[in-house]
2 protein chains.
Amino acid sequence: MRKVYLDNVATTPLLPEVRQVMLPYLGEVFGNPSSLHDWGDTARQAVEAARVQVAQLIGASAEEIIFTGSGTESNNLAIKGLALAQQNRGKHVLVSAIEHFSVLHSARTLEKWGFELSLVPVDKYGVVNPRDVRQSLRKDTVLVSIMHANSEVATIEPIREIAQITRESKVVFHTDAVATAGTIPVDVKELGIDALSLAGNQFYGPKGVGALWVRKGVRVMPLLNGGVQEGGRRAGMENVPAIVGLGKAAELAKASMAARMEHLARLRDRLLTELPAKIDHVVVTGHPQSRLPGNASFCVEFIEGESMLMLLNSRGVAVSSGSACTSRALKASHVLIAMGISHALAQGSVLFTLGIDNTPEDIDYVLEVLPPIVDRLRQMSPLYSKFTKAGKGGM
Amino acid sequence: MRKVYLDNVATTPLLPEVRQVMLPYLGEVFGNPSSLHDWGDTARQAVEAARVQVAQLIGASAEEIIFTGSGTESNNLAIKGLALAQQNRGKHVLVSAIEHFSVLHSARTLEKWGFELSLVPVDKYGVVNPRDVRQSLRKDTVLVSIMHANSEVATIEPIREIAQITRESKVVFHTDAVATAGTIPVDVKELGIDALSLAGNQFYGPKGVGALWVRKGVRVMPLLNGGVQEGGRRAGMENVPAIVGLGKAAELAKASMAARMEHLARLRDRLLTELPAKIDHVVVTGHPQSRLPGNASFCVEFIEGESMLMLLNSRGVAVSSGSACTSRALKASHVLIAMGISHALAQGSVLFTLGIDNTPEDIDYVLEVLPPIVDRLRQMSPLYSKFTKAGKGGM
C-alpha cells in the first residue's frame with residue numbers, strides 16, 4: 001500500500017543531512033559542554049556553532065538564542081519567564097484566543113499566580129486585528145503573545161503591525177513561531193518583536209530541541225533552575241546532538257526556503273481547489289491568501305474528523321484533525337471555535353500538512369481515496385441523512 | 001597522546017548498543033506519539049516500551065514514570081511540582097545542604113513563591129543524619145528532598161532511614177538519584193520513597209532525556225503546560241529517540257550492574273589508595289565506605305583544582321573539579337563547604353569518575369602524570385612555599 005505522510009504539523013521527518021551531522025555526537029564526541037577539558041570544549045564549540053546557525057535563520061544574534069527541549073518549553077519559558085521578570089511593572093498579559101496550548105495554558109498558570117489574562121479574538125479567517133490588541137492593552141500589561149501563524153488553519157498573523165503597537169506602549173511582545181520559523185521567512189528585526197519560539201521538529205530537525213530567542217536587554221526568569229547553562233536562563237545539560245541537528249536544519253531551511261515554499265504551495269493549492277470540487281460540503285478553514293505554504297485545512301460537514309483520519313490511515317495516509325497535541329483530548333478545536341465555526345462543523349476538521357518529500361502522486365492518491373471515505377462515513381451519519389431528506393440546503 | 005576520560009560524572013559516553021536502538025528513530029520511524037495514525041502508533045509503542053524498561057530499573061510501575069528533558073528538569077519538576085501540588089497543606093520544604101543546584105535553586109525559587117526552606121546539614125563525610133531530618137520536620141512540611149548519593153564526593157545517603165521518618169510524618173519524600181540510578185541498585189519500594197529523579201546521560205544513555213518517578217497517588221503540578229503528554233504531567237512532544245535510548249540504557253544497566261560495579265570499584269580503589277601514597281597532603285573526600293563505586297574524590301592541598309584539571313587535560317586526561325554544572329562559576333563547592341572543609345582546601349578539589357571502558361592502564365597513566373603536575377603547581381604556590389618554610393606541618 002502507498003504510504004503518504006501528510007501530517008508534517010505533528011512532526012517532520014529528520015533530513016538525512018541533519019542526521020548525518022548528529023551522528024558523531026551520538027558517538028565519539030560525547031562531552032558535556034560545561035566541562036573545562038577538551039571533551040567539553042569540543043561539545044561546547046558544536047553548541048555555539050549551532051547557536052549561530054539558528055540565530056541566522058531568524059536574523060538574530062547568537063547570544064540571544066536560548067536552547068530548550070521543545071517548542072512547548074520555549075513557549076512556557078517565554079510566557080512565564082517574561083511575565084515573571086516584569087511583574088513589578090504590572091500583572092496583565094494578553095494572548096490571542098487561538099494560541100497553542102503551551103501558550104494558553106502557560107498563561108492560565110500565570111492567572112493562578114495572580115496575573116490577569118485577556119484573550120484577543122480572531123475573525124472568521126483566524127486573523128487577529130491589531131486594533132483589538134491596541135484596545136486590550138492596559139497600563140499594567142507587561143506581555144503580549146500572538147502566534148506568527150496558526151498551524152491548524154495556516155493563517156499568518158499581522159505580527160509587524162502588532163509589534164508596532166506594543167513597541168509604542170513599551171510592552172514586551174512574544175510570538176510563537178513554531179509553525180513558521182524554518183518554513184517561511186522570519187526576521188526578528190523586521191518583525192520588530194522581543195521574543196520568539198521555534199522548534200526543530202517543525203523543519204526537518206530533531207525532536208527534543210527548541211529555541212527561545214529573547215532580544216538583548218529583555219529579561220527572562222528561568223523556568224529550570226540549576227547550573228549556569230544558556231547564560232543562566234535555562235539550566236540542564238545541553239542536548240548536544242539535538243542542538244547540532246537543529247543548527248544544521250536551520251542552515252538548510254534558510255538555504256532552500258524559497259524552493260521548498262514553492263514546492264509546498266503548488267501541492268497545497270491542488271488540495272485547496274480540487275478537494276472541495278470533489279467533495280460536497282467542504283469548507284476551507286483559515287485565510288484564503290495569508291497562509292502557510294504547506295497547509296491545507298478543511299472542515300467536512302456531517303462527519304467526525306477522527307473517523308476520517310482513521311479511514312485515511314487504513315489507506316496509508318497520515319493526516320490530523322485538530323492539533324496533534326490535543327488529538328487525544330477529542331475535543332473540538334479551540335481554534336475553530338474561536339473563528340466562529342460551529343461545534344458540529346469543527347468536529348469534521350481535517351488537516352493536510354505537506355512536507356518537502358511529498359509528490360504530485362501523493363496528492364493524486366489522496367484525491368482518489370478521500371471521496372469514497374467521506375461518502376461511506378456520510379452514509380452512516382444520522383445528521384447527513386436528516387440533511388439530505390430536508391432537501392440539500394447550504395451550510 | 002593517551003586519552004583518558006575520567007569525568008563520567010559530567011556525562012558518560014553513549015553505549016554503541018544504545019545508539020543502535022536509537023538510529024531508526026532518527027530515520028524512518030519519525031512519528032509524533034500523540035498522532036492517531038500508524039506513524040504515531042509506532043512512535044508511541046516505542047515510548048511505552050522504554051517506559052517499562054526505565055520502570056524496571058528502579059522497581060516501579062511504568063505509568064509512574066514521567067519522561068523529562070534532563071535530570072535537571074526532573075529535579076525542577078519534583079521540587080516545584082510536588083511542593084505546589086500540596087501547598088494547601090503547608091509551605092515548608094526540607095532539603096540537604098549538599099543537593100545538586102537543580103534541587104537547591106528550585107527550592108530557592110519556592111522561597112520566592114512564599115515557601116519556607118530549611119537545609120539539613122551533613123557531617124564531615126557528607127552524610128545526612130536521619131535524626132536531623134526528623135528534628136527539622138514541621139507540621140507544615142510538605143516535601144523533603146535528599147539526594148541518593150552526592151556525585152561530587154560519592155557519599156551514599158541513608159535514604160531508607162529518612163524515608164521511614166517521612167512516612168511516619170506523612171510528608172512526601174523525593175530523592176535525586178541522578179548519581180545512582182543505573183549505577184548502583186535502586187528500588188523505589190525498598191527505599192520507601194515517593195519520588196525519584198534520574199538522567200540518561202549518567203549511565204551510558206543519551207543526553208536530553210531524564211525521568212521523574214512519582215509514586216501512584218502522589219500529585220505533581222506540571223512545570224511545562226500545553227498538551228496532555230505524560231499523563232498531563234509534562235507537556236511537549238516526547239523526544240522519541242532519546243527516550244528509546246534511555247530505555248535501552250536502563251535495561252543494560254540492570255543486566256550488567258554487578259559486573260560494572262565490581263570493575264569500577266577495583267579501579268577506584270587503586271586511585272583512593274595509591275594517589276595519597278604518591279602525593280603528599282592529599283585528602284580523600286566523602287565517605288570511606290558508603291560511596292559510589294566509580295568515584296574517587298580528593299582535595300589536594302596548596303593547589304587550585306582548576307589548574308590541576310587544565311594540566312591533566314594537556315596530558316590527555318579529563319577530570320573535573322567540583323561539579324561540571326558549576327565549573328564555569330569558579331566558586332568553591334558548596335558540597336565541600338557544607339562538609340566543613342576550608343575554602344582553601346576546597347579549591348584543590350579534584351574528582352576522578354570512572355567509566356565502564358576505563359582500564360587499569362588508564363589508572364597507571366594518571367598515577368604517572370599527576371604527581372609531577374602537583375609538584376609543578378606547588379612550586380608556583382606562595383601558600384606552599386610559606387608552608388614548607390614553616391617546617392612541613394600537618395593539615
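**Strand pairing in chain B**

I looked up strand β9 of chain B first and found that β9(B) pairs with β10(B) (residues 295-300) in the antiparallel sense over three bridges, where two strands count as paired if DSSP finds at least two bridges between them. Helices (H or I, at least four residues) and strands (E, at least two) are DSSP runs, numbered from the N terminus. Within this pairing I noted that B:Val282 has B:Val300 in β10(B) as its bridge partner.

This is a predicted model, in which local features need pLDDT of at least 70 and side-chain atom pairs count only at pLDDT 80 or more, while totals for chains, interfaces and linings use all residues. Residues are numbered from 1 along each chain as its sequence is written, chains are lettered from A and ligands numbered from 1 in the order in which they are written, and side-chain values use heavy atoms, with hydrogens and water left out.

I then followed the sheet outwards: three strands of chain B form an open, antiparallel sheet in the order β9-β10-β12. Its edge strands are β9 (282-284) and β12 (349-353), each of which pairs on one side only. The twist from one strand to the next averages 25°, with axes taken as lines fitted to C-alpha atoms (for helices over the stretch in contact) and angles running from 0 to 180 degrees between N-to-C directions. I also recorded that helix α8 of chain B (residues 240-278) lies across β9, β10 and β12, running at about 20° to β10(B); contact here means heavy atoms within 4.5 Å.

**Salt bridges**

I searched the whole structure next and found 34 salt bridges over all chains, each being a side-chain nitrogen of Lys or Arg within 4 Å of a carboxyl oxygen of Asp or Glu.

In chain B, B:Asp41 and B:Arg44 form a salt bridge with their closest N and O atoms 2.2 Å apart, and both residues lie in helix α2 (residues 38-57), three residues apart, about one turn of the helix. I noted B:Asp41 as partly exposed, at 25% relative accessibility, and B:Arg44 as partly exposed at 21%; buried means under 20% relative accessible area, exposed over 50%, and partly exposed in between (1.4 Å probe, protein chains only).

In chain A, I found a salt bridge of 2.7 Å, N to O, between A:Arg51 and A:Glu230. Because A:Arg51 lies in helix α2 and A:Glu230 in the loop between β8 (210-214) and α8 (240-278), the pair ties together parts that are 179 residues apart in sequence. Both A:Arg51 and A:Glu230 are buried.
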